[in-house]
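Welcome! Open the structure beside this page and work through the exercises at your own pace.

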Amino acid sequence: METKTKSKGAAKKKAAEKMTGAEALIKSLLAEDVDTIFGYIGGAIMPVYDALFNYEDQLKHVMVRHEQGAIHAAQGYARTKRKPGICFTTSGPGATNLVTGLADAMLDSTPLICITGQVGASLLGSDAFQETDVVSVSMPITKWNHQITTAEEIPEVMAKAFFIANSGRPGPVVIDITKNAQFEELEYEYEATNRVSSYVPKPKTRLSEVEKAAELINDCQKPLVLLGQGVSISGAETEFKEFVEKAGLPVASTLLGLSAFPTNHSLYTGMLGMHGNYAPNINTNKCDLLIGIGMRFDDRVTGNLNTYAKQAKVIHIEIDPSEIDKNVKTDVAINADAKQALELLIPKIKKNSHEEWLETFSELHEIEFEKVISKDVHPPAGKMHMGEVVNTLSELTKGEAIIVTDVGQHQMASARYYGFQKQNSWISSGGLGTMGFGIPAGMGVALAKPDRPIFVLVGDGGFQMTVQELGTIAQYNLPVKIILLNNNFLGMVRQWQQLFFSNRYSSTELKNPDFLMISEGFGVPAKQISERDDLKAALQDMLDLDGPFMLEVKVEKEGNIFPMVPAGGTVSEMRLD
Amino acid sequence: MKKEYTLTIFTENKIGLLHRITVIFTRRHLNIDSLNTSESEIRGIYRFTIVVSTTETMVQTVTKQIEKQIGILKAFYHTEEEIVYQEIALYKVPTKAFAHGDDVESLIRKFNARVLTIEPEYIVVEKTGHKTETQQLFRELESYGILQFARSGRIALTKQIREITSYLKELEQQQKESEEEVLTYN
């Protein structure tokens with residue numbers, strides 16, 4: 001946070017300088033402390049890249065192989081650093097290739113600033129070469145977007161973009177810049193802003209609601225805290241810990257809340273939702289007080305809303321007012337930043353413990369351990385399981401690596417079996433469930449935190465969706481360690497076909513290429529293992545290595561992820577097999 | 001239970017805001033019954049009036065989702081009892097319809113409508129009122145042959161005492177506090 005003040009101070013007072021719009025854009029990025037850009041050049045963004053050429057010592061540009069790779073990398077970067085990720089693309093196809101990443105970032109509250117080139121202002125609307133109405137296309141999947149048609153707008157719009165993207169509930173911003181605006185000259189003067197009319201990023205916490213919440217917490221017998229990504233976004237991990245420890249509140253995490261709270265903590269009860277842990281799901285419908293913090297009661301968490309925690313009072317701490325009462329009706333709503341709300345709440349709650357209630361979580365966990373976990377983590381024989389790969393990785397890295405995943409069974413296995421001990425260590429596509437997210441996101445994470453071990457877990461389906469980014473990883477020698485859990489299936493869909501579509505495996509089995517040759521062809525060294533006895537050594541070798549590596553692990557073809565709440569099912573009726 | 005709600009939305013004058021508002025209805029598969037926009041009593045601030053039939057839970061969520069868009073200052077929803085509203089309708093009828101006795105004339109008197117223009121071939125009648133009223137006149141005129149008909153979107157003012165200027169002041173105050181806080185955090 002301190003750097004921001006400095007940059008704002010430094011950016012504030014500078015005499016106007018004459019320059020092109022393209023250079024002004026680069027200068028604006030520097031004024032906001034940007035150090036890394038992910039992008040792909042093309043006709044309508046060429047002036048910007050030409051200006052960038054003079055600043056390559058200050059701004060690292062990562063040339064990806066496809067714009068989708070650029071935006072997922074920017075997402076990985078943004079979520080690890082908690083500051084906006086930057087993308088450059090050209091107009092038309094360059095810009096439309098961002099759509100999946102924008103939708104993903106919108107759902108997962110990720111701050112991004114995507115600069116898209118656009119045809120000259122005089123050609124707008126004429127179906128010019130590589131012209132797409134990007135502002136309209138991206139409207140429902142951006143927090144804000146804007147088209148710049150004159151150079152002089154650039155500094156002000158960029159300042160606004162940075163403020164909007166990273167304040168309040170963060171989100172993606174698209175700035176579309178016509179080619180003429182990149183060429184034209186302006187008197188450049190930059191002033192960072194923290195005010196945009198009509199926009200209140202942090203609503204003022206109403207003390208009366210805090211009081212009511214404290215009262216419910218002090219009076220409850222069977223509380224359950226739902227930890228969401230909002231806790232990490234607001235940097236409230238310490239306050240969160242203090243809060244739950246003081247009142248002895250059991251904690252369950254959403255998928256994106258993972259790593260904000262150490263998994264070995266005595267109050268941690270596991271992950272919520274469809275493939276989460278048994279105890280928190282069952283006890284959701286037994287608790288008398290549910291406290292959601294920085295989360296949005298997504299349908300993968302709640303299952304059937306009509307049977308979701310009907311017996312409980314609900315407190316919802318959430319910065320986005322439109323999330324309050326959207327899915328689950330609250331008894332007390334604190335519309336505020338998580339950190340601020342927790343700071344106010346902590347002194348008002350009484351020291352407490354809920355030993356008996358906590359014991360019920362342990363009992364339920366025992367059932368899950370016996371029926372599911374033990375078999376996943378220590379399968380007696382046969383092919384390797386995804387769970388044991390993740391568990392071994394967790395042990396070898398002591399839960400201190402950054403885990404990036406793609407989407408599917410391997411993602412759920414990673415979420416369930418990696419024992420997170422450090423904050424900001426889990427990067428996964430939650431709301432949108434974007435296959436192909438993992439590898440490029442891992443690149444962004446590697447650039448944001450080069451000093452930490454980074455593992456990308458990916459399935460054989462998702463691997464092939466953004467496989468071209470292995471080229472980027474090799475070119476920049478990014479320390480991304482890829483673990484490809486290969487079951488020759490789109491495993492999660494196959495599991496659903498097995499359970500809900502009478503084993504009719506329609507379009508889920510893959511005839512895969514030789515992944516070692518592919519990886520090595522791109523310049524990323526690789527290895528394949530299929531025997532349990534080789535697992536530990538292979539992972540350890542990978543961990544000890546400096547550069548990128550790809551380890552293909554052949555796993556059980558038809559393994560399933562359990563427990564499971566079927567879509568639209570009741571959380572307390574979670575299936576163990 | 002579905003009911004008719006009138007949304008009043010105050011916005012800045014920015015390109016694309018109409019689109020940002022309408023996609024929120026589209027996502028929820030909600031049909032907009034009527035939409036009107038004009039500058040409000042404050043220069044540079046625009047007032048959207050949107051009529052939609054849906055449940056209260058839905059209109060509540062949609063209103064919040066609209067209000068959070070950048071460029072939207074404030075959004076409210078109201079039931080019929082909470083607003084004073086009006087619509088305008090224009091009817092183009094053949095002039096010969098007036099030739100048979102005084103039927104049409106008495107209709108116009110009865111409905112408190114007025115004649116805007118008289119041409120040799122047609123007459124344009126204007127009627128302001130609620131939809132039920134303008135629709136009733138439509139039905140009455142139908143037998144004389146309506147050449148063209150158009151009805152405007154609803155415009156509405158709220159009965160509430162608190163005016164938008166007071167909300168805007170509050171918004172400004174909130175921003176100021178939020179700004180100060182960002183500064184202290186930094």
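**Exercise 1: two domains of chain A**

The C-alpha centres of domain 1 of chain A and domain 3 of chain A lie 30 Å apart. Domain 1 covers 2-188 and domain 3 covers 383-554, with bounds from an automatic or database domain assignment. This is a predicted model, in which local features need pLDDT of at least 70 and side-chain atom pairs count only at pLDDT 80 or more, while totals for chains, interfaces and linings use all residues. Residues are numbered from 1 along each chain as its sequence is written, chains are lettered from A and ligands numbered from 1 in the order in which they are written, and side-chain values use heavy atoms, leaving out hydrogens and water.

Task: find how much area domain 1 of chain A and domain 3 of chain A bury between them.

Step 1. Together they bury about 2,100 Å², 62% of it on carbon and sulfur atoms. Buried area is the accessible area (1.4 Å probe) that two parts lose on being put together, summed over both.

Step 2. Arg65(A), Arg79(A) and Thr80(A) supply 29% of what domain 1 of chain A buries here, more than any other three residues.

Step 3. Now look at polar contacts (N or O atoms within 3.5 Å; within protein, one able to donate a hydrogen and the other to accept it, and residues adjacent in sequence counting only if both atoms are side-chain atoms). Twelve residue pairs, both at pLDDT 80 or more, make them between domain 1 and domain 3 of chain A.

Step 4. The rule finds zero salt bridges across this interface; a salt bridge is a side-chain nitrogen of Lys or Arg within 4 Å of a carboxyl oxygen of Asp or Glu.

**Exercise 2: chain B against chain A**

Task: find which side chains of chain B and chain A meet in a salt bridge.

Step 1. Start with the contact (heavy atoms within 4.5 Å): 29 residues of chain B touch 36 residues of chain A.

Step 2. Chain B and chain A bury about 2,800 Å² between them, 50% of it on carbon and sulfur atoms.

Step 3. The rule finds one salt bridge across this interface. Its partners are Lys68(B) and Asp320(A), at 2.6 Å, N to O.

Step 4. Eleven residue pairs, both at pLDDT 80 or more, are in polar contact between the two chains.

Step 5. Which element gives the most to the side of chain B that touches chain A? Helix 5 of chain B does, with twelve residues. Helices here are DSSP runs (H or I, at least four residues), numbered from the N terminus.

Methods:
Helix = DSSP H or I, 4+ residues; strand = E, 2+ residues; numbered from the N terminus.
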